[in-house]
Every structure is written in C-alpha cells, then in structure tokens.
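Please load the model in the viewer and keep the selection tool at hand. The tour proceeds from single residues to a pocket.

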Amino acid sequence: MGASQTRSEHPSYRDLSDKTGFSLEQITNLHKRFKQLSGDSETISRENLNSIPALTDNPIKKQIIDAFFDKRNQHKGEVGTYGEIGFEEFLMVMSHFRPPSLKTSEEEKKAMRKEKLRFLFNMHDSDSDGMINLEEYRKVVEELLSKSGNIDLEAAKAIADAAMLEVASTSMPDMAPDYFYEGITFEHFEQILSGLEMESRMHIRFLDVDTVTMRCDKKQ
C-alpha cells in the first residue's frame, strides 16, 4: 500500500476515521509519515522510532516509544506489548493527541480527556498492574532529573519519595500515619491532574507532525 495512493484506493480509511476521529485528509497525511518512518514498510519497530533525532535528548524517550507498542492504548482490552505495529495501531496511538474541534460536544470532550489521562497513566504504569508504584515513579523522576547533571541518584530518589508522599496526602487526606500507600491509582491520577487543561495542549512534535492539522512538516 504506497503512500502516494489516493484516498479512494483506501476503503479502510473510512473505518479508521470512525475509530480515531481523524478526517480522511489527516489519515492520508499520517500514512505518509508512517511510511517515511518505516522505510516504506508495512510495520514500524522500536528501532524506527529510536532513530528519530528529536527524541535523542528527551528524558522520557523510552516511555514515549513504549507507548506506541503498548496494547492497552489500542482500546481492545488487551495487556502486553507488540514487537512491531502496523498503520492502524500507529494511528490509534496518535489519536490520543488529537485536539477537540469546535463541533466536539462537552460529553465527547470529557471522554477525550479521560482517554488522554489513561494514555499518560499507562506510560508510567510500566508493569500494567493498574497502579503507578514508588519504583515506577522513582524511575520517571530519576530520568527527568538526570538530564540536569546536577542531581545524583540518591538525591533523585529522595525527591521521588517526597513527591510520592505528597501525592498520597493529597489523594488520601484522611490516610492513617501507619497506612502503606501502594501507589497512584488511575482515580488518584485523575484527581491530581483535575485542574490541568490538556484537551487542546497535549501535542506530539517529535514525529514532525503538527497534531492540530496532522500535516507532515518534513521527512525523517
């Protein structure tokens, strides 16, 4: 299936539009980018995404790449990872970055927000147990702080522990002093980010795609 083929030659694009909310034009543009990234192959591997220059210095590079191969982000009720993904799986992940349009109803906006939050939650719940535990939270904090070059591993762990304690006290204000806080559930995660407007601000730039218009800026 070549990237230069027209929309009329892709009857499945209509189904993909229904699943993702993208227009046929947006899907065509994203298919071109997919073919560029895959080297004109039918699937994309981690190696394909790992070679993107814009991701080189991103502190959560691994989490971003893993998100594309996480079965939870396909909304099929499956857990686990793919070795490679096809265009439909790629498109489903990209749909999490699609902003609401002027025609989007309030109910649809709420659903979009929940999907975006779940996507972010899955990025940090690396063992798929439905909870971001202290070790997972530490890993994220360590990776974010490691780029500064001024904070050692022990200091990063201490910061992560203090932040998790703050999350626990915020999520469970009536928590007993001897209560063991296992980690951040999705419900707590929603609560923590309740004041953050993300429906139109959650963008993805490292694929050289503008997620507002879904137009490709340049080739990889």
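Where is the place of Asp40? Select the loop between helix H2 (24-38) and strand E1 (44-45), which holds Asp40; helices (H or I, at least four residues) and strands (E, at least two) are DSSP runs, numbered from the N terminus. This is a predicted model, in which local features need pLDDT of at least 70 and side-chain atom pairs count only at pLDDT 80 or more, while totals for chains, interfaces and linings use all residues. Residues are numbered from 1 along each chain as its sequence is written, and side-chain values use heavy atoms, with hydrogens and water left out.

Although Asp40 is not a glycine, its phi is positive, at about 70°. The residue is exposed, with a relative accessible area of 54% (buried is under 20%, exposed over 50%, partly exposed in between, with a 1.4 Å probe and protein chains only).

Next, select Ser128, in the loop between H6 and strand E3 (131-133). Ser128, also not a glycine, has a positive phi of about 60°, and counts as partly exposed at 28% relative accessibility.

Finally, display the second largest pocket (an open set of points on a 1 Å grid over the protein atoms alone, where a 1.4 Å probe fits, with protein on both sides within 12 Å along at least five of seven lines; lining residues have an atom within 4 Å of a point). Its lining comprises 19 residues, and Lys62, Asp66, Asn122, Met123 and Ser126 lie nearest the centre. Helix H4 (61-68), helix H6 (106-124) and helix H7 (134-146) each give two or more residues to this lining.
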